[in-house]
Amino acid sequence: TIANILNDGNVLEKRTAQQVKINNTSIINDYSLEQNYPNQFNPVTTINYQLPKDGIVTLKIYDAIGTEVTTLVHEYKQAGRYNVNFNASGLASGVYFYRLQVNDFTSSKKLILMK
């Protein structure tokens, strides 16, 4: 692992790299689903994710009780970094969840729509 040590006077923090650059080329070594930004949002937010391997990517939005609201991505993607804009202008304010599935990786995060 590659670690960055940060010192703010009293606290040392270790971070694990999710991406390494060699000769200015990114090498992604782990799956990652990032927190949407902004969160809280109205009505558009961006979701970033990365893939170390090619695969069929599915990114879906669910409401607070688990009902599927929409599918943002359902296609074959090559390894790399991606971002998707989610426009929730037709939805009510509230808590929603998004889930990324690719190969044997699954991750979910919460997003908040405030109108």
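In the predicted model, strands β6 and β9 pair in the antiparallel sense, and eight bridges join them. Within this pairing, L51 stands opposite G80 of β9. The two strands belong to an open sheet of three strands, ordered β5-β6-β9, with antiparallel pairing. The edge positions are taken by β5 and β9; each has a single partner strand, so one side of each is left without a neighbour in the sheet.

The largest nonpolar core comprises 20 residues, and Y49, L59 and L111 are those with the most contacts inside it. Two or more residues are given to this core by each of β6, β7 (55-63), β9, β10 (94-102) and β11. Strand β10 provides the largest share, at four residues. When residues up to four places away in sequence are not counted, Y49 touches S32, L33, V57, L59, V73, K77, G80, R81, Y82, V84 and L100. The contacts of Y49 thus include L59, itself among the residues with the most contacts inside the core. They also include G80, the residue that L51 faces across the pairing with β9.

Aromatic pairs number three in the model. In one of them, the ring centres of Y31 and F105 are 5.0 Å apart and the planes meet at 10°; the pair is classed as stacked because this angle is under the 30 degrees that sets the limit. The pair links distant parts of the chain, with Y31 in the loop between β4 (25-28) and β5 (32-33) and F105 in strand β11, 74 residues apart. Y31 and F105 are both buried. A tilted pair is formed by F41 and F86, with 6.1 Å from centre to centre and 55° between the planes. F41 lies in the loop between β5 and β6 (44-51), whereas F86 lies in strand β9 (residues 80-87), so this pair ties together parts that are 45 residues apart in sequence. Both F41 and F86 are buried.

Strand β11 (residues 105-113) also holds S107. With a relative accessible area of 17%, S107 falls under the 20% limit and is therefore buried. Apart from neighbours within four places in sequence, the residues in contact with S107 are L33, Y98, R99 and L100. Two of these, L33 and L100, are also touched by Y49.

The loop between β10 and β11 contains N103. The relative accessibility of N103 is 48%, so the residue counts as partly exposed. Outside its neighbours within four places in sequence, N103 is in contact with Y31, K53, D54, G55 and I56. Polar contacts are made to two of these residues. The side chain of N103 meets the side chain of Y31 at 2.7 Å, and a polar atom of the N103 side chain lies 3.1 Å from the backbone oxygen of D54. Y31 therefore takes part both in the stacked pair with F105 and in a polar contact with N103. Between N103 and T58, the C-alpha to C-alpha distance is 9.9 Å, with a separation of 45 residues in sequence.

Conventions:
Residues numbered from 1 in each chain as written. Predicted model: local features only at pLDDT ≥ 70, side-chain atom pairs only at ≥ 80, totals over all residues. Heavy atoms only, no water. Buried < 20%, exposed > 50% of the residue type's maximum accessible area, 1.4 Å probe, protein only. Contact = heavy atoms within 4.5 Å. Phe/Tyr/Trp six-rings, centres within 6.5 Å; stacked < 30°, edge-to-face > 60°. Core = buried A, V, L, I, M, F, W, Y, C linked by side-chain atoms within 4.5 Å. Pairing = 2+ DSSP bridges. Polar contact = N/O pair within 3.5 Å; in protein donor to acceptor, adjacent residues only side chain to side chain.
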